[in-house]
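Colleague: I would like to learn how to read strands, sheets and pockets in a model such as this one. Could you take me through the features one at a time?

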Amino acid sequence: MGKHSACPICGSKALTPRREKLRDSDTIAVLQCGACQHVFLDSFDHVDDEYFVNDTFLLSKPFLHGIEQRLRHYEAENQERAARIGPLVLNKRVLEFGCGAGALMEKIAPMVSSIEGLERTAGFRARLQGKGYTILQDLSETSGQYDVILMFHVLEHLSDAIGSIRGCIERLAPNGLLYIEVPNVEDALLTLYDVGEYRKFHFFKDHLHYFSRSSLTEAARRAGAEPVSISGHSRFGLANHMYWLRHGRPGGHLIWNFLETPSTRLEYGRALAAANMSDSLIAQIRRPS
Ligand SMILES: [Zn+2]
């Protein structure tokens, strides 16, 4: 492995260092591909097969102690995701790749014909197995085909992003859907507002990849499929952004919540998506029939 000399998505060697540093490492740098605009860590060596197994991964955020607190923290977002994908999963055979503690699985379970999860983190897996869910550790354990595979904020953690997309597509039924949401490196806080404190916060060891619209498209193509659509999605809105600009800290959406009326949330999100400055990207990829 070692340091990357080529883009892990398109293979171009036209790489330039980004100015940002990781918030949790002094030895890993951030690179950008001049061809597909993919941004990535210059080494993936710190992530091995066991990296995701230990519960301290993802539970290490200072405001999240334990699985139950984590579930409460993300409850509103999981409600939004369940409402968004409901029409896509109705009466379908579904796999959630990287299902975490399973909050989304539990919400959509009544709508689907079957649901399985894939999760490496032992504590999350144990919780769901205790509730009777089938939780795989690896794609190689799957049997049969799925109509829908969901990946919410997972792909950016995986060394072999293209191989993971390809593995999912191979396990879809004809016309099946792979639904991927990842952070967008063209996020307004990095591009339009250029918040210095956000630059120090945004890049960290767990995120190996920082997809752009073009690098996410390229990853799907190299995995053998053409995305049906790539759209912008805002996890965070005006309150969060204004707070970053004023205080240089996260969490503004929980404090300046009065700015988040339904209409500002909708219109601000639309404006960012139209300008490709949303904080997240959604790729919908269909397996050819
Ligand atoms: Zn590239």
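Colleague: Which residue in β2 does P17 stand opposite?

Modeller: Bear in mind throughout that this is a predicted model. P17 stands opposite L31 in β2, and further along the same pairing L15 has C33 as its bridge partner in β2. These belong to a set of five bridges that join β1 to β2, residues 25-33, with the two strands running antiparallel. The connection between β1 and β2 is a hairpin of two residues.

Colleague: What should I expect of the side chains along such a strand?

Modeller: In a regular strand the side chains alternate between the two faces of the sheet.

Colleague: How many bridges join β2 to β3?

Modeller: Three bridges join β2 to β3, residues 39-41, and this pair also runs antiparallel; within it, Q32 stands opposite V39. The hairpin of β2 and β3 has five residues between the strands, and there Q37 takes a positive phi near 65°.

Colleague: In what order do the strands of this sheet lie, and which are the edge strands?

Modeller: The sheet is open, with four strands in the order β1-β2-β3-β9 and antiparallel pairing. At its edges are β1, residues 15-22, and β9, residues 209-210, each of which pairs on one side only.

Colleague: Turning to β7, is this strand largely enclosed or open?

Modeller: Here one counts the buried residues, taking buried to mean under 20% relative accessible area. Seven of the seven residues of β7, residues 146-152, are buried, so the strand is largely enclosed by the rest of the structure.

Colleague: Which strands pair with β7?

Modeller: β4, residues 93-97, pairs with β7 in the parallel sense over three bridges, while six bridges join β7 to β8, residues 172-183, again in parallel. L150 is a useful residue to follow, being the bridge partner of E96 in β7 and having Y179 as its own bridge partner in β8. Together with helix α6, residues 161-170, the strands β7 and β8 make a right-handed β-α-β unit.

Colleague: Finally, which residues line the second largest pocket?

Modeller: The lining consists of G232, H233, S234, R265, L266, G269, R270 and A273, around a space of about 150 Å³. Both β10, residues 227-233, and α11, residues 262-274, supply at least two of the lining residues, with the largest share, five residues, coming from α11. By character, the lining divides into two nonpolar, four polar and two charged residues.

Notes. Residues are numbered from 1 along each chain as its sequence is written. This is a predicted model: local features need pLDDT of at least 70, side-chain atom pairs count only at pLDDT 80 or more; totals for chains, interfaces and linings use all residues. Side-chain values use heavy atoms; hydrogens and water are left out. Two strands pair if DSSP finds at least two bridges between them. Buried means under 20% relative accessible area, exposed over 50%, partly exposed in between (1.4 Å probe, protein chains only). A crossover is right-handed if, with the strands pointing away from the viewer, the path from the first strand over the helix to the second runs clockwise. On a 1 Å grid over the protein atoms alone, a cavity is a set of points where a 1.4 Å probe fits but cannot get out, and a pocket is an open set with protein on both sides within 12 Å along at least five of seven lines; lining residues have an atom within 4 Å of a point. Grid points are joined across faces, edges and corners, and a volume is the space filled by probe spheres set on the points. Ala, Val, Leu, Ile, Met, Phe, Trp, Tyr, Cys and Pro count as nonpolar, Asp, Glu, Lys and Arg as charged, and the others, Gly among them, as polar.
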